[in-house]
Every structure is written in structure tokens, then in C-alpha cells.
Amino acid sequence: MENHFHLSSMNEIIDKYSTHSNNLGKAEQPSLDLNLEHSKYANLNEQLAEASLRLRQMRGEELEGLSIDELQQLEKNLEAGLHRVMLTKDQQFMAQISELQRKSSQLAEENMQLRSQVSQISPAEKQVADTENFVTEEGQSSESVMTALHSGSSQSQDNDDGSDVSLKLGLPCGAWK
């Protein structure tokens, strides 16, 4: 029985050692992870500082420490960047011009269709349409002027002295052509 006691106690000691070793490994793991994260942070911080310096140099700042070769390389990079900016701008201008030309063609086509429709209207219908659609010098349609006159005349019918009042509304639409 004594042998069994020693064997079980030995197994307990080995289990405790294994458990303790595993726990030590786990305790050191966060420390290793923390060191790795700190190293990554330091590396990223260094890259950020370097990129910020290059950006300032591209803006023409902090150029004092650069050699002639570095200045020439910076100039070359700036010229290449300017060339790409100008190409992109030109492409956008061309796209806008194409879009405006497309819209112009579409409007010209619509204009031709409307002219065709107007030419198909009989002369009697044109006369009625021309007299109904005056535009005043201020840009108001005859309809809006007539509405204003009717709304104003309903209020002032009590003051009607029988005098003849005329109103010049402007040229008929047919005179615009």
C-alpha cells in the first residue's frame, strides 16, 4: 500500500507540475502578445512618421536635409504626379464634353420634333394659340396677368367708373421666331 501511496503522490506531483507549467506558459503568453503588439505599434508609428515627412517634403517643406539626388528624385516624382493629375482632369473634361454633346443632340432632336408638331397645327389653331399665350415684358404669361386682373377686379367692382382701361401684355409667341 505504501507503494501505491508513493505512486499516487508521484502522479499528483507530476499533475501539479504539468498544471503549473501550463499556467506559467499561459501567464507568459499575454506578455509575449503584449511585446509583439508593442513592436507592431512602434513599427507602424515609425512608418507614419516617415510617410508624414515625405508628404511634407512633397509640399516643399523640410527640404533642408535632402541631397541633390534626393531633390531630383522628389522633383521627378512630383512631375509624374502632376502628369497623372492633368491626365485625369483631361479625361473628366472629355467625359463632360461628351455628355454635354449628347444632351445637345437630344435637345436638338426634341426641338425638331416640336417644330414638326407645330407645323402640323392648322393656321386657325395657331391663331388661337398665339392670342392665348402672350408674355409680358416682365416675363409673366397672359394667363397670370388675366388671373391677377380678375382677382383684382372682383374686389374693386364697387369703384367701377365706366372708364375704358387698356393693358399692353406684350408680343404674341409667334413674334419670337
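**Exercise 1. With which residue does Arg 56 form a salt bridge, and how far apart are the closest N and O atoms?**

Before the solution, a word on the model: it is predicted, with local features needing pLDDT of at least 70 and side-chain atom pairs counting only at pLDDT 80 or more, while totals for chains, interfaces and linings use all residues. Residues are numbered from 1 along each chain as its sequence is written, and side-chain values use heavy atoms, with hydrogens and water left out.

*Solution.*
- Step 1: Recall the rule: a salt bridge is a side-chain nitrogen of Lys or Arg within 4 Å of a carboxyl oxygen of Asp or Glu.
- Step 2: Apply the rule to Arg 56; its partner is Glu 62, with the closest N and O atoms 2.5 Å apart.
- Step 3: Check accessibility, where buried means under 20% relative accessible area, exposed over 50% and partly exposed in between (1.4 Å probe, protein chains only). Arg 56 is partly exposed at 26%, and Glu 62 is partly exposed at 38%.

**Exercise 2. Find how many salt bridges the rule gives, and describe the pairs that lie within a helix.**

*Solution.*
- Step 1: The count comes to 3 salt bridges.
- Step 2: Take helix α1, which covers residues 2–58; helices are DSSP runs of H or I with at least four residues, numbered from the N terminus. Here Arg 54 and Glu 50 meet through their side chains at 3.1 Å, N to O, and they sit 4 residues apart, about one turn of the helix.
- Step 3: Arg 54 is partly exposed at 45%, and so is Glu 50 at 44%.
- Step 4: Move to helix α2, where Arg 102 and Glu 99 are separated by about one helical turn because they are 3 residues apart. Their side chains form a salt bridge at 2.6 Å, N to O.
- Step 5: Arg 102 has 44% relative accessibility and Glu 99 has 32%.

**Exercise 3. Work out which residues Gln 57 contacts, leaving aside its neighbours within four places in sequence.**

*Solution.*
- Step 1: Place Gln 57 in helix α1; this residue is buried, at 12% relative accessible area.
- Step 2: Use the contact rule, heavy atoms within 4.5 Å. Gln 57 then touches Glu 62, Leu 63, Leu 66 and Leu 74.
- Step 3: Follow one partner: Leu 63 is in the loop between α1 and α2 (68–119) and is partly exposed, at 26%.
- Step 4: Not counting residues up to four places away, Leu 63 is in contact with Gln 57, Leu 71 and Leu 74.
- Step 5: Leu 63 and Leu 74 are 11 residues apart along the chain, and their C-alpha atoms are separated by 9.9 Å.

Conventions:
Helices (H or I, at least four residues) and strands (E, at least two) are DSSP runs, numbered from the N terminus.
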